[in-house]
Amino acid sequence: MDYKETLNLPKTEFPMRGNLAKKEPEIQKYWEDISLYDLTQEARGDESLFILHDGPPYANGDIHVGTAYNKILKDIVLKYKNLRGYLCPYVPGWDCHGLPIEHEVTKRLGDLRRFDVPEIRSKCRAHALEFVEKQAGQFKRLGVLGDFEDPYLTLSPYYEAKNIEIFARLYEKGLIYKGRKPIHWCTHCVTALAEAEIEYEEEVSDSIYVKFPVVKGTGEIDDFDKPVSFLIWTTTPWTLPANVAIALSDTLSYAAVDTGEEILIMADDLVFPVTEIIGIKDVQIVKNDLRGSNLEGTTCRHPWKERESKVVLAGYVTLDQGTGCVHTAPGHGQEDYMTGLAYDLPSPMPVDDHGRFTVEAAPFDGMLVTEANPEIIKDLKSRGLLMASGTIPHPYPHCWRCKRPVIFRATPQWFITVDRTDERGSLRDEAIESIKQVEWIPGWTVNRIGSMLEARPDWCISRQRSWGVPLPVLYCEQCGKEMITKQTLEAIRRFIEENGSDAWFTHEAKEIVPECPVCGECGGTKFKKDENILDVWFESGISNIAVLQHRSGLRWPADLYVEGSDQHRGWFQSSLLLSMGYQEKPPFRAVMTHGFTVDGDGRKMSKSLGNVIDPKEVYNHMGADILRLWTATSDYSTDVPISDEILDRMKETYRRIRNTIRFLLGNTFDFDPVRDSVPLEEMEEIDRFVLSRLQGLVQRVTALMDKWVIHQAIQALHLFCTVDLSSLYLDIMKDRLYTYAADSRERRSAQTAMYLILTNLMSMIAPVLCHTAEEAMQSLPEAQRPKKSIHLVDWPEPDEDLMDPALEQKWSTLLSLREEIYKRIEEERKNGSVGTSLEADIKIYAEGGDLELLQDMESELPMLFIVSRVEVGDLAGYEGAGSAGGEIVVEVVRAGGEKCGRCWNYSDTVGEVPGHADVCARCAAVLETTRP
């Protein structure tokens, strides 16, 4: 007889192999067919609203693995909160303006002189909208749910007009001003850059020591009979044409060093290292303990210009590098600029927009600043002013987009002031105070945002580009004075809202503001438009106001922002500053920060290194759930590694979880929870034990998810699947599930436990393995599916009735013993005494409480140990070796009796029942009850 046909073998449509690349699109099609996102919104009440505000990625190219990580992490958060009973509207957004898009488009266009601004903007718009559509499809392929039919786009007229409204409010409050101060300037992209658009890379720069001869000294250095010069050190020789001063410290001592032919002034503590570098062997200090305050006001001669270079005092002068005498060019540095303001110094700017010297920098006019250093050094040497030259590696600012070195350059720009004060204090102070009201995840990140706010300069919000929201400023054609009033700003806002920002570049000023006031400076009545645009960080920074306060069903402030750690100086900061300036409250209640994606060795991903992981290739071959599992198992508080090896490990982790679910599905195929569930008090102990363990798991996973310790929550789920279930409970249950009568109380008890475990697991993995959880639920009989989708069910709650700590303790003792028995069986297997564990009989000798426990459970022990027979005896009567008091002694012998042809246990009852010659009595009884 083929006994296989008499066994209750697993049956399920849930396959062992996920084939996710093929299956996931089918599941996503089902979600679209049932309008799953809309159903999630209808299933929850407004009183449970949870708002995660999406930081807009650039609509500029396909997604990369970092973008995928960010979007998946957000989706996990939202799916979890939704299952927990929250209404979680998710409006994805895209940053559609700015340099990244314009840069990409202009690369394709070639010679831009063939195109006017409206043509360039038209092509930028088409490019942005193309990638909004592409990225939306790629995000949905990752399993992300959201309102992709109506996202927020920074190029929409309403959104563009909101920029003007917020600009107007900040201007009215005195927070926006026009000034000429040094800012980061990219000569390749030809635009100003904000601090958030700067990346620091290692650069090798020229390092030179230059003399500035004294023309008119103070009493301290007037009595020398040799020429006197201040010795400066700089790593930017190209900024010397703009020099107007030499900064000293009023806290350092300075020395006069006799070189034989002249006197050099430098910091006292730096004399010996500096003289060694410039080649002075016989150092003669003719005067020391000179105070910077006594040298202030000294006049030196500029190397080329017919102008003075004054000696001033500044607090930033240190002994870290150089000579203690700092070359100062207010047009080329923030600290220099502040010193220039303090001393009312001129601020020459002999460098044009493209990084070429103007005639003001003669004899170097026409040269690119990046090429001028060798000529400047050569010229200084010919004039006898160069004392030494070399090179030095150091971090240098680069443009985030073109990756080329930038310069500091003073140009007229529009700024948001962070230090101008009113009755509430400064914007900086308000922002720093407000971060105390926000939960920062991880907690230490509050220090990062705080230090960046403390150190940040005024925010340059104007850009010299074409693709963006225009600066809402008019200028008098007659005198050049800006015209900016409530009337003009409101007219511009209305015009943009009605026509879009493209119309700014195709209409005259009088069409935009037909009733413009006369110029207060000269009485002029004709005006021209500002051709610059707003910084895109301003655009994205207002998104919380433009989106959350505009759309029905949303709420301001956001409950959560989730972005990478670079956004502490980017979007987190711009959102915070604009929100504080506009409405004096932070835009978020909590901010979660994640690290950067790096390769398996911790290196930044780069095509040149060949270590880039394309998320599209991953989900097209392995499936999006593998990427989602990688996201969930990664500790987002640090940089997040990814590699082919790491993804292979994720596949193995996924396989274990999937196989656990498959086993549960397969062995509950004939179980109806309404009809077949066994009451708790009638369930087998081990079933009650595992259900108690399940409640602890639900408690732990929920607590970890509530604290957003997602990787530990997934680790707990994985361990439960692999250790508590696959390696223990499910392995033990196979005999009862397969060989007992289908509707026996013992089998139904196991199925009752397994069904509860299955439904709990499906819910708990759904935020991460969203496709697999859906597939599992759809594999249930239709009548047993609680909702149309797993993403419409409720997160499980711990059931106190199922919690039994005493039972868990009891079974933990038994399971510890099981470990020891398995070690002994393995030893006998190696010796060849037994093959499978069912070929073994076990004899256990114990004493005290252990003896009582084992005797009480003796009939259950063969099932627990998966052996054919277990005998329990008193250790006191044991006469074998190793009978020391307090021990449990285990003997493993080959099973007696015959092997049952149906359950494979060895039993003395095989063949006892007439008509069943090769099965045990237990199996014979089952066959009798199922015989047709």
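Helices, as named here, are DSSP runs of H or I of at least four residues, and strands are runs of E of at least two, both numbered from the N terminus. In this predicted model, Ile-866 falls outside such elements, in the loop that runs between helix α28 (861–865) and strand β30 (869–874). The backbone at Ile-866 adopts a positive phi of about 55°, although the residue is not a glycine. Is Ile-866 buried or exposed? Because its relative accessibility is 18% and buried means under 20%, Ile-866 counts as buried.

A second non-glycine residue with positive phi is Glu-584, where the angle is about 65°. Glu-584 also belongs to a loop, here the one between α17 (571–583) and β26 (590–594). Its relative accessible area is 36%. That value lies between the 20% limit for buried and the 50% limit for exposed, so Glu-584 is classed as partly exposed.

The backbone also contains cis peptide bonds that involve proline. One of them joins Ala-362 and Pro-363, with omega at about 15°. Pro-363 is placed in the loop between α9 (334–343) and α10 (369–382). Another cis bond leads from Trp-556 to Pro-557, and its omega is near 0°. Where does Pro-557 lie? The loop that holds Pro-557 connects α16 (543–548) with β25 (561–564).

On the surface, Glu-32, Asp-38, Glu-42 and Glu-149 form a negative patch. Of these residues, Glu-42 may be followed in further detail. Glu-42 is part of helix α2, which spans residues 36–42. With a relative accessibility of 62%, Glu-42 counts as exposed, because the class requires over 50%.

These local features may now be set against the chain as a whole. The secondary structure of the protein chain amounts to 29 helices and 33 strands. Along the principal axes, the C-alpha atoms occupy a box of roughly 125 × 75 × 50 Å. The radius of gyration of the protein chain is 38 Å, whereas a compact globule of 932 residues would have a value near 30 Å. As for accessibility, 57% of the 932 residues count as buried. Ile-866 is itself counted as buried, while Glu-584 is partly exposed and Glu-42 is exposed.

Note on methods. Residues numbered from 1 in each chain as written. Predicted model: local features only at pLDDT ≥ 70, side-chain atom pairs only at ≥ 80, totals over all residues. Heavy atoms only, no water. Patch = residues over 30% accessible without salt bridge, like charges linked within 9 Å, V, L, I, M, F, W, Y side chains within 5 Å. Areas by Shrake-Rupley, 256 points an atom, 1.4 Å probe, with all protein chains shown as cover. Salt bridge = Lys/Arg side-chain N within 4 Å of Asp/Glu carboxyl O. Lys, Arg positive; Asp, Glu negative; His and termini not counted. Charge placed at Lys NZ, Arg CZ, Asp CG, Glu CD. Buried < 20%, exposed > 50% of the residue type's maximum accessible area, 1.4 Å probe, protein only. Rg over C-alpha atoms; globule rule 2.2 N^0.38 Å.
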